[in-house]
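Here are my notes from going through this one. Have the viewer open as you read, and check each point as you go.

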Amino acid sequence: MKGKEIFSVLRKLRVVEKSPAADFSPSLWGDRFHLFSLDNKVAEKYVEEIETLKEQTRSILMSGKTLAEKLNLFDIVERLGIACHFEKQIDDNIDPNFEAHEYNDLCISSLQFRLLRQHGYNISPKSAAPHLKSPLSKQVTHALEQSLHKGIPRVETRYFISIYEEEEFKNDVLLRFAKLDFNLLQMLHKQELSEVSRWWKDLDFVTTLPYARDRAVECYFWTVGVYAEPQYSQARVMLAKTIAIISLLDDTFDAYGTVKELEVYTDAIQRWDISQIDRLPEYMKISYKALLDLYNDYETELSKDGRSDVV
């Protein structure tokens, strides 16, 4: 075995006393997100117009249509990212006895086959895509490259808005609603990201623990992929911070700490007691205190709603 291979095996076995500090690249983002502040006047204007569009959309959803038309409309509303405003109404309008395979036949969720059948094609979507007109060809190509259920919801919503805008028979009310709703939610996401970024910068791990990754923005982006809806704002911020701290601990174990140090560190974390901090080397005291402080902050914040027990 070559030297690097031997070292790799020893490192996995935790025999090597000290791993070399990982050479992670610095953050791409700098201070870009630290100073964002929500423009309340713009947000209020969006909210006011959205309320009007919401009522108009509700009327559209209630208008008399065939089952196929309703399902198609519900799917458009879902993919435009505005279905969360009408969940009960949509649920109440779907027949519980309707077979799933029938839904797949009628709904754009099975985009490749549904659209091609609608246009008279009896061949595979992949071979048909180059011969279709836009925006249909774009939808089929995208569906073949990226399954809807595997995509990041807000990314897929942004893509579908641009596609739907090209549709000949698009509904301008739905399109305007989707754009305003997307922009308003994006403002909230930016505000949350600003909070996470400032928290991370104040901890100053870039200076005190330079071996660790500086990826707070990426941690936040991951949470948006999990749940993007406005009502989960607190959860996104908390989860982003948690992932960032876990990333720090991960790098401490994988890229810096010695076996002996990590054994003590593991025991201290399992005991979850600030009095354990004196057992740790100086650099570990920094991350250990940050970890316990973060969960103390969670407990304080959630106790305002009587939910401190969920910590």
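The points below cover helix packing, salt bridges and a surface patch.

1. A caveat before the details: this is a predicted model. Everything that follows is computed from that model, so please read it in that light.

2. Start with helix α9, residues 153-164, and helix α10, residues 172-203. Their axes come within 11 Å and cross at roughly 150°. Angles over 145 degrees count as roughly antiparallel, so that is the label for α9 against α10. If you care about handedness, the crossing of these two helices is left-handed.

3. Stay with α9 for a moment, since P153 and V155 both sit in it. P153 is partly exposed, at 40% relative accessibility. V155 comes out at 41%, which makes it partly exposed as well.

4. Which residue lies 8.4 Å from P153, C-alpha to C-alpha, despite being 74 residues apart in sequence? That would be Y227. Worth a click if you want to see how a contact between distant parts of the chain looks here.

5. V155 also belongs to a nonpolar surface patch, together with I152 and F221. The patch covers about 250 Å². I'd colour those three residues and look at the patch from outside.

6. Now the charges. Side chains of opposite charge can pair when their charged atoms come close. How many salt bridges does a search of the whole structure find? The count is 14, and I'll go through some of them below.

7. The pair I'd show a colleague is E49 with R176, whose side chains meet in a salt bridge at 2.9 Å, N to O. E49 is in helix α2 (residues 40-62) and R176 is in α10, so the bridge ties together parts that are 127 residues apart in sequence. Are these two buried, partly exposed or exposed? E49 is partly exposed at 26% relative accessibility, and R176 is partly exposed at 37%. Note that α10 is also the helix that crosses α9 in point 2.

8. Helix α2 holds a local pair too: E55 and R58 form a salt bridge, at 2.7 Å from N to O. Because they are three residues apart in α2, about one helical turn separates them. E55 has a relative accessible area of 44%, so it is partly exposed. R58 is partly exposed too, at 27%.

9. You'll find a similar spacing in helix α15, residues 282-303. There K285 forms a salt bridge with E282, and the closest N and O atoms are 2.9 Å apart. These two are also three residues apart, so about one helical turn lies between them. E282 has a relative accessible area of 58%. The cut-off for exposed is over 50%, which is why E282 is called exposed.

10. One group goes beyond a simple pair: R213, D250 and D251 are linked in a network of salt bridges. Show the side chains of R213, D250 and D251 together when you look at it.

11. Last, back to packing. Helix α14 (residues 259-271) and α15 pack at an angle of about 20°, with their axes 12 Å apart. Angles under 35 degrees count as roughly parallel, and α14 and α15 are therefore roughly parallel to each other. Their crossing is right-handed, while that of α9 and α10 is left-handed.

How values were computed. Residues numbered from 1 in each chain as written. Predicted model: local features only at pLDDT ≥ 70, side-chain atom pairs only at ≥ 80, totals over all residues. Heavy atoms only, no water. Patch = residues over 30% accessible without salt bridge, like charges linked within 9 Å, V, L, I, M, F, W, Y side chains within 5 Å. Areas by Shrake-Rupley, 256 points an atom, 1.4 Å probe, with all protein chains shown as cover. Salt bridge = Lys/Arg side-chain N within 4 Å of Asp/Glu carboxyl O. Helix = DSSP H or I, 4+ residues; strand = E, 2+ residues; numbered from the N terminus. Buried < 20%, exposed > 50% of the residue type's maximum accessible area, 1.4 Å probe, protein only. Axes fitted to C-alpha atoms, helices over the stretch in contact; angles between N-to-C directions. Parallel < 35°, antiparallel > 145°, perpendicular 65-115°, else oblique. Left-handed = near helix turned anticlockwise from the far one by under 90°.
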